[in-house]
Amino acid sequence: MRTNGVRSRQIRPERIRMRIRKRAALAGGAIAVATALVSAAALGLADSDTARSVGHGTAVGGGPPPASPGATGGGPATPAAPGATGGGPATPAAPGADKNLFPFGPPTGNGDFQVPAPPEAPTLVPTIGTKTTQRLYGTDAFQKAVSVTQHVWPAAIPANAPGETDNVPDRPWGVTLVTPDDPLTAITAIPLIHFPDDAPILYVTKTGIPQVTLNELKRLGDTGIVRNRNIDAFLVGAAANRGVRAQLKAIGMTFQSVTAPSIPGLANAVDKVYGGIQNPDTGVPQMGTSASSTGGGMMDVMIGPMDGEDWQYALPATHFSSHMPVALQWVHKDSIPDETVAALQRRQGHAQIYLMGGPEQISPKVAKKLTAYGSVSRIDNDDAVAFNTPPKNTVTSSALAFAKMWDPAGEMGWGIRGPGHGFTLVRRDDWQGAVASAPLSHLGFHSPLILTDRADKLPPAVDAYLKQVAPSYLQTPAEGPYNMTYVIGDWKNITWPLQAHVDYISEMSNRQIWNNANGSRYSDSGQP
């Protein structure tokens, strides 16, 4: 570069800063520091970063620098960035950060600004989202359930506003309370979520309501379930305890307890309660109970295996049962409890029965006995045409098979084989998150449950499925449709890199590119 005819060598600013810092450190005195700052200013580099790095060097005599007025501790106070709220002191970058991940150096601190809750709803918790994913964060079952209800129900319109009692998107009509220590009870309670209850899951303890749940009950301010005597809450199983009842009474909420001495008995009791509300003509939940609904009176029953850990095969049923008026019942591998028989008998031979799991979970002997009460189908990963040797059935593959499945006889399954849909991603061992996120299939994107075995990686078949149903366009990305995946839990449940990976493989792509082997169109799901 030439300036007034004189050739000058252009030196990179970072190299100059390094020389300044080295000179100040070697001199070890205030004069050297001042000289360095003047040198930096002469070069136009005495910005705040350079000034801080030099001015915070070794003071005269080798001791620590003097503290700024009002500072506490060994260093000067660092002013907050404009607009920042909280966040605490800056955290230095981790040593050995991946240079390929951060080519310009890793960022420091705990976030340069914080997102406050809206003043009208101070208990709302901001979460992390991307283009095609949304994290619903929680470190425990109570927080996860609250994150879901905060996302689904804004509760922003006054309860006495005209039409608010029927304003489905704003406030729920009730709530369903369960404890986070009993998966079979929590799964059994799921049918109470669906209309006309509109009662999402929240967690309580065996002795009372934790503060995070109590605050959410107050924020939601449910309207009351008009078809059930304006009851506000179902207390299912151990949630029906003295402490919970007392706290609900104290804030003016009414409730109904649903209990039984056994899990099959509880499922039968839930079926009676829900059936009496949803279809009072017969007391049995069914589709097509009015001129504006479809289903032709079908009475779907999803049956889960209750032995050992086999109940995990029933997890996908939680989201579908919150989506449609479907019963959930239980069997042992080789026998049918009397309470399950009683629930099926109420269908008078017209039940559409779906077994959650393969022959290893529910035996062919039980399947044959169940035919006395209706038609029987299995929901697993087998296909007698595609596989000569039956594949090993797993919880994750069964959930995936159910996301693709569609049985018009019972309007059963999600039938998602193309884009334009939502999904809920939960780690398989986080049953509390799976149950709590069921309302995401009740309203909004109506998202089926997808399971992963690991926090940091998708099973190959799940990864391939999300790529298959990712949208692709023919003319412009504005054509849509688009996908959304809800990610449930904290960074230990499902890592940030995995969330980012799901976002990456779910993005819109150009179908006309020669090497694009992924992506679908909306019509691939049987939609027009």
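Here are legends for a few close-ups of a predicted model.

**View 1. The open sheet and its strand order.** Four strands line up as S5-S4-S6-S7, and the pairing is parallel. Strand S5 (201–203) and strand S7 (255–258) sit at the edges with a single partner strand each, so one side of each has no neighbour in the sheet. Direction ignored, neighbouring strands are turned by 25° against each other on average.

**View 2. Strand S4 next to strand S6.** Zooming in on this pair, S4 (residues 175–178) and S6 (residues 233–236) run parallel and are joined by three bridges. Looking for a residue to start from? Take Leu177, whose bridge partner in S6 is Leu235.

**View 3. Helices H7 and H8 packed on the sheet.** Helix H7 (residues 242–250) touches S4, S6 and S7, and its direction makes about 170° with that of S6. H8 packs on the sheet too, touching S6 and S7, with its direction at about 145° to that of S7.

**View 4. Helix H8 against helix H10.** The axes of H8 (residues 263–278) and H10 (residues 338–345) come within 7 Å and cross at roughly 20°. Since that angle is under 35 degrees, H8 counts as roughly parallel to H10. The crossing is left-handed.

**View 5. Residues where H8 meets H10.** On the H8 side you'll find Pro264, Gly265, Asn268 and Asp271, while H10 brings Glu339, Thr340, Ala342 and Ala343. Sorted by class, this contact has three nonpolar, three polar and two charged residues.

Notes
Residues are numbered from 1 along each chain as its sequence is written. This is a predicted model: local features need pLDDT of at least 70, side-chain atom pairs count only at pLDDT 80 or more; totals for chains, interfaces and linings use all residues. Side-chain values use heavy atoms; hydrogens and water are left out. Axes are lines fitted to C-alpha atoms, for helices over the stretch in contact, and angles run from 0 to 180 degrees between N-to-C directions. Helices (H or I, at least four residues) and strands (E, at least two) are DSSP runs, numbered from the N terminus. Angles under 35 degrees count as roughly parallel, over 145 as roughly antiparallel, 65 to 115 as roughly perpendicular and the rest as oblique. A crossing is left-handed if the near helix is turned anticlockwise from the far one by less than a right angle, and right-handed if clockwise. Contact means heavy atoms within 4.5 Å. Ala, Val, Leu, Ile, Met, Phe, Trp, Tyr, Cys and Pro count as nonpolar, Asp, Glu, Lys and Arg as charged, and the others, Gly among them, as polar. Two strands pair if DSSP finds at least two bridges between them.
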